Amino acid sequence: TQKVVLITGCSSGIGLALAVRIAKDEKKRFMVYATMRNLSKGEALVEAAGRTLGRTLELKQLDVCDEDSIKACVDSLPERRVDILISNAGMGLIGPIECQSIDEMKTVMDTNFFGLVRLLKEILPDMKRRKRGHVVVISSVMGIQGILFNDVYAASKFAVEGFCESLAVQALRFDLNISLIEPGPVITEFERKVYDEGMKTDLSKADRVTADMFVNIYLKNYNQIFESLGQSAEDVAEHTHKIITMENPPFRHQTNTLYTPMTTLKYADPNGDLPIDTFYKMVFEHDKVFNASLNFLKLLRWRSRKSFTLEKDKSG
Ligand code: NAD
């Protein structure tokens, strides 16, 4: 029997790519309900879905900030059954916090964090009852590691990760799986929207040093980071498709190997200074980055030698 997949935020980017990729599964293992806040924005998805539309893919309205719309959507599914929930809808926010209103920040938390909470309040009880289900959350590497001028966005993704890590223990008791997908930079409308909004930031509330850091360092390098490290939405969709077809899906999955050296810094230093120092050097002391990377590689070599020794010890 086909598994029912419900995906949020499918009008663009990763959500759209995910809906299409899963609906086009070679073995037709999935029935995809591709949801979006505003169905009038469904044109791109309809076009990309092609012949899967009405077969393995159907569009539905769902606003993750509106409990009633979530309930109405789930109620409209046969037996209210969702086997795989993919929580993807989200938004970004960049800039100095003194230039952002609390309301703007709340909208980010409400979408990225409470959006997921609302979905699970509606869907998790049924999954528990059926003892069957997989919750997949499109998080970010910023759910593991903060990035300059992404303070509130990173906080929203940390919230998502803490929430899921807590629930994952309970989920084991019901044979449910939870997976966090952690992409690095992905080239979608998201990145462009966030950049455009960032460009419009009223910097009058920021001091000169902060404003300069944001405009002349952060925004200036923004596009370059996406160009050199960026991944496509289709690539993230491919990774996610693999995760939902696995027998024992992992709790965390990073999709971008170019980015893993950065996230590894977090796990390499329990004091937490190594990633912060490295990011500082990358941003402000380009010439020292080389030394920083070299030290990092030495550390990695040291760690792998240590684990090798331990392996040898174990084998006697
Ligand atoms: P995107 O802007 O193309 O997609 C986000 C989608 O969420 C949009 O279709 C938007 O309409 C929808 N959305 C926003 N608020 C909603 C609401 N209240 N209800 C329903 N839908 C809503 O950007 P994307 O890159 O495809 O982002 C998808 C997810 O991937 C987000 O959770 C984002 O945080 C995450 N992500 C993106 C990147 C990146 O660099 N683009 C990197 C890591 C993680």
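## Overall size and shape

With 316 residues, this chain would be expected to have a radius of gyration near 20 Å if it were a compact globule, and its value of 21 Å agrees with that. Keep in mind as you look around that this is a predicted model. If you drew a box around the C-alpha atoms along the principal axes, the box would come out at roughly 65 × 60 × 35 Å.

So what is inside that box? The chain has 11 helices and nine strands. Of the contacts with a separation of 6 or more, 76% are between residues 24 or more positions apart. In other words, this count is about partners that sit well along the sequence from each other, 24 or more positions.

## Surface and charge

How much of the chain is buried? Of its 316 residues, 46% count as buried. The chain exposes about 16,900 Å², and carbon and sulfur atoms supply 55% of that area.

Now for the charges. There are 42 positive side chains and 42 negative ones. The centres of these two sets lie 6 Å apart.

## Two buried residues: Leu18 and Val135

Let's start with Leu18, which you'll find in helix H1. Leu18 has a relative accessible area of 0%, so it counts as buried, the cut-off being under 20%. What does Leu18 touch, once neighbours within four places in sequence are left aside? Its contacts are Ile7, Ile86, Ile138, Ala237 and Thr240. Here's a nice example of the chain coming back on itself: Leu18 and Val236 are 218 residues apart along the chain, but their C-alpha atoms are separated by 7.9 Å.

Val135 is in a strand, S5. Val135 is buried too, with a relative accessible area of 3%. Setting aside neighbours within four places, Val135 is in contact with Leu85, Leu120, Met127, Asn177, Ile178 and Ser179. Val82 makes another useful pair with Val135: the two are 53 residues apart along the chain, and 9.6 Å separates their C-alpha atoms.

## A buried Asn in a loop

Loops can hold buried residues as well, and Asn256 is one of them, with a relative accessible area of 7%. Where is Asn256? Look in the loop that runs between strand S9 (252–254) and helix H9 (260–268).

Asn256 is in contact with Gly184, Pro185, Leu229 and Gln231, if you ignore neighbours within four places in sequence. Leu229 deserves a closer look: its backbone oxygen lies 2.8 Å from a polar atom of the Asn256 side chain.

## Two partly exposed residues: Val46 and Phe158

Is Val46 buried, partly exposed or exposed? With a relative accessible area of 35%, Val46 is partly exposed. Val46 is found in helix H2, residues 43–49. Beyond the residues up to four places away, Val46 touches Leu53 and Leu59. The C-alpha atoms of Val46 and Leu59 are separated by 8.5 Å, and the two residues are 13 apart along the chain.

Phe158 belongs to helix H5, which covers residues 151–173. Phe158 is also partly exposed, at a relative accessible area of 36%. Leaving out residues up to four places away, Phe158 touches Met142, Gly143, Ile144, Gln145, Gly146 and Lys266. Now try Phe158 and Asn177: they are 19 residues apart along the chain, and 19 Å separates their C-alpha atoms.

## Two positive phi angles

Most residues other than glycine have a negative phi. Which way does Lys28 go, positive or negative? Lys28 has a positive phi of about 50°, although it is not a glycine. Lys28 is in the loop between helix H1 (13–23) and strand S2 (30–36). With a relative accessible area of 56%, Lys28 is exposed.

Phe149 is another residue to check. Its phi is positive as well, at about 65°, and Phe149 is not a glycine either. You'll find Phe149 in the loop between strand S5 (134–138) and H5. Unlike exposed Lys28, Phe149 is buried, with a relative accessible area of 6%.

Note on methods. Residues numbered from 1 in each chain as written. Predicted model: local features only at pLDDT ≥ 70, side-chain atom pairs only at ≥ 80, totals over all residues. Heavy atoms only, no water. Helix = DSSP H or I, 4+ residues; strand = E, 2+ residues; numbered from the N terminus. Rg over C-alpha atoms; globule rule 2.2 N^0.38 Å. Buried < 20%, exposed > 50% of the residue type's maximum accessible area, 1.4 Å probe, protein only. Contact = heavy atoms within 4.5 Å. Areas by Shrake-Rupley, 256 points an atom, 1.4 Å probe, with all protein chains shown as cover. Lys, Arg positive; Asp, Glu negative; His and termini not counted. Charge placed at Lys NZ, Arg CZ, Asp CG, Glu CD. Polar contact = N/O pair within 3.5 Å; in protein donor to acceptor, adjacent residues only side chain to side chain.
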